[in-house]
Every structure is written in C-alpha cells, then in structure tokens.
Amino acid sequence: MKIAISSDHGGNRLRHEIMDLLSELGFAYVDFGPDSDDSVDYPDYASPVAQGVANGEFDRGILICGTGIGMSIAANKVKGVRCALVHDVFSAKATREHNDSNVLAMGERVIGPGLAREIASTWLGTSFEGGRHERRVAKLTELEG
C-alpha cells in the first residue's frame, strides 16, 4: 500500500511521528511537506494528497493540521475522496469498515502522538466490510455529481 502524507504548520510535528510509524510498519509513502514550521495554507497541502488518492497514484492519504478540520474539508472537495476526521480508535476502524474512507485527517492540537499512532495503525490495518455498506458508499459517490 502506498500512502501520501502532508500537513500544515499546525500538524508538522505529528506528521513526522506518523511518517516514523509508516516506516516502522513497512509502508511506502510520499511526504508532501511542508519543510518547516512556517505558516502555510492547508488547502495547498491537502490538495496533492487528495488528488493523488483520487487519481489512483496512492492507495490512501493522511492529512494533519491543528484540528484536522481544515484538511478534511479541503480533501473532501476532491471527487473520489472520502476523508474522515478521526480522533479516536473506534472511529478509525468504523470509517474504514463502513465508509471505505481513503484519506485520514487528524489534529495535532487535539490528540497526542501515542493516540495518533494508534489511530493511524488501526485505520491502515482495517478493511472495508462491503456488503450493505457498498450501497451507501455508492450513494456518496452519486452525491459528487
């Protein structure tokens, strides 16, 4: 599985923590920055991740900002992206099983690195259940127009 990852300045430290986790778990990933803690605009960093997932270049994406809200809003503007803002392990599992989310958003100012690692590990290791959920995900796709 190939992962795209990015953050804004508010998620920079947690992004590095999650990149360490990806390496530990043996996942290939591409880091879209930023390269410093200087203030940046989150849509500029959400876009390449969301576009890369939507066009099939990446299997999944991970986005991190201060709250995760801005990144998730930006990512969900891209057709084909189902970005879930997650701050607990149960939701990480459920959004993969039920929503087939393909992008994960988290907030560095909301959760700590230990919980973020647990969330990302769970999200990466959980499969889509399909079945009755396929119909619902298809309806989400229809909403994209």
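Let's start at Arg132, which sits in helix α6, the stretch covering residues 132–143. Keep in mind as you look around that this is a predicted model. Is Arg132 buried or exposed? The answer falls in the middle: with a relative accessible area of 48%, Arg132 is partly exposed. Together with Arg135, Arg136 and Lys139, Arg132 forms a positive patch on the surface.

Now head for strand β3, which runs over residues 60–65. How many of its residues are buried? Six of the six, so you can think of β3 as mostly covered. In a regular strand, the side chains alternate between the two faces of the sheet. You can follow that idea here: Arg60, Ile62 and Ile64 point one way from β3, while Gly61, Leu63 and Cys65 point the other way. Whichever way they point, all of these residues are buried.

What does β3 pair with? One partner is strand β1, made of residues 2–7, and the two strands pair in the parallel sense over five bridges. If you want a spot to look at, find Ile3, which stands opposite Arg60 in β3. Another partner is strand β5, residues 103–107, which also pairs with β3 in the parallel sense over five bridges. Here the spot to find is Ile62, whose bridge partner in β5 is Leu104.

Just along the chain from β3 you come to Gly68, in the loop between β3 and α3. Gly68 has a relative accessible area of 0%, so it counts as buried. Try picking out Ala84 as well: it is 16 residues from Gly68 along the chain, and the C-alpha atoms of the two are separated by 9.3 Å.

Next, take a look at Ile69, which belongs to helix α3, residues 69–75. Ile69 is partly exposed, with a relative accessible area of 44%. On the surface, Ile69 joins Ile73 and Leu85 to make a nonpolar patch of about 250 Å². So that's a nonpolar patch made by Ile69, Ile73 and Leu85, to set beside the positive one formed by Arg132, Arg135, Arg136 and Lys139.

Time for some charged pairs. Side chains of opposite charge can pair when their charged atoms come close. How many salt bridges does the structure hold? There are seven. One of them is between Arg13 and Glu108, whose closest N and O atoms are 3.0 Å apart. This pair links distant parts of the chain, since Arg13 is in helix α1 (residues 12–25) and Glu108 is in the loop between β5 and α5 (113–125), 95 residues apart. The two ends of this bridge have their own surroundings: Arg13 counts as exposed because its relative accessibility is 63%, while Glu108, at 15%, counts as buried.

Asp100 is worth a stop too. You'll find Asp100 in the loop between α4 and β5. Its side chain meets that of Arg82 in a salt bridge, at 3.3 Å from N to O. Arg82 lies in the loop between α3 and β4 (83–85), so the pair ties together parts that are 18 residues apart in sequence. Is Arg82 buried or exposed? Its relative accessible area is 18%, and that makes it buried. Asp100 also takes part in a salt bridge with Arg96, with the closest N and O atoms 2.9 Å apart. Arg96 counts as buried as well, because its relative accessibility is 5%. Elsewhere, salt bridges that share partners join Glu17, Glu24 and Arg117 into one network.

The backbone has a couple of details to enjoy as well. Most residues other than glycine have a negative phi, and most peptide bonds are trans. Asp100, though, has a positive phi, near 50°. Then there is the peptide bond from Gly33 to Pro34, which is cis, with omega near 15°. Pro34 lies in the loop between β2 (28–31) and α2 (42–54).

Our last stop is His98, in helix α4. His98 is partly exposed, with a relative accessible area of 30%. From here, look across to Gly56: the two are 42 residues apart along the chain, and their C-alpha atoms are separated by 21 Å.

Note on methods
Residues are numbered from 1 along each chain as its sequence is written. This is a predicted model: local features need pLDDT of at least 70, side-chain atom pairs count only at pLDDT 80 or more; totals for chains, interfaces and linings use all residues. Side-chain values use heavy atoms; hydrogens and water are left out. Patches are made of residues with over 30% relative accessible area and no salt bridge: like charges are joined within 9 Å, nonpolar side chains (Val, Leu, Ile, Met, Phe, Trp, Tyr) within 5 Å. Accessible areas come from the Shrake-Rupley method with a 1.4 Å probe; for residues, only the protein chains shown count as cover. A salt bridge is a side-chain nitrogen of Lys or Arg within 4 Å of a carboxyl oxygen of Asp or Glu. Lys and Arg count as positive and Asp and Glu as negative; His and the chain ends are not counted. The place of a charge is taken as NZ of Lys, CZ of Arg, CG of Asp or CD of Glu. Helices (H or I, at least four residues) and strands (E, at least two) are DSSP runs, numbered from the N terminus. Buried means under 20% relative accessible area, exposed over 50%, partly exposed in between (1.4 Å probe, protein chains only). Two strands pair if DSSP finds at least two bridges between them.
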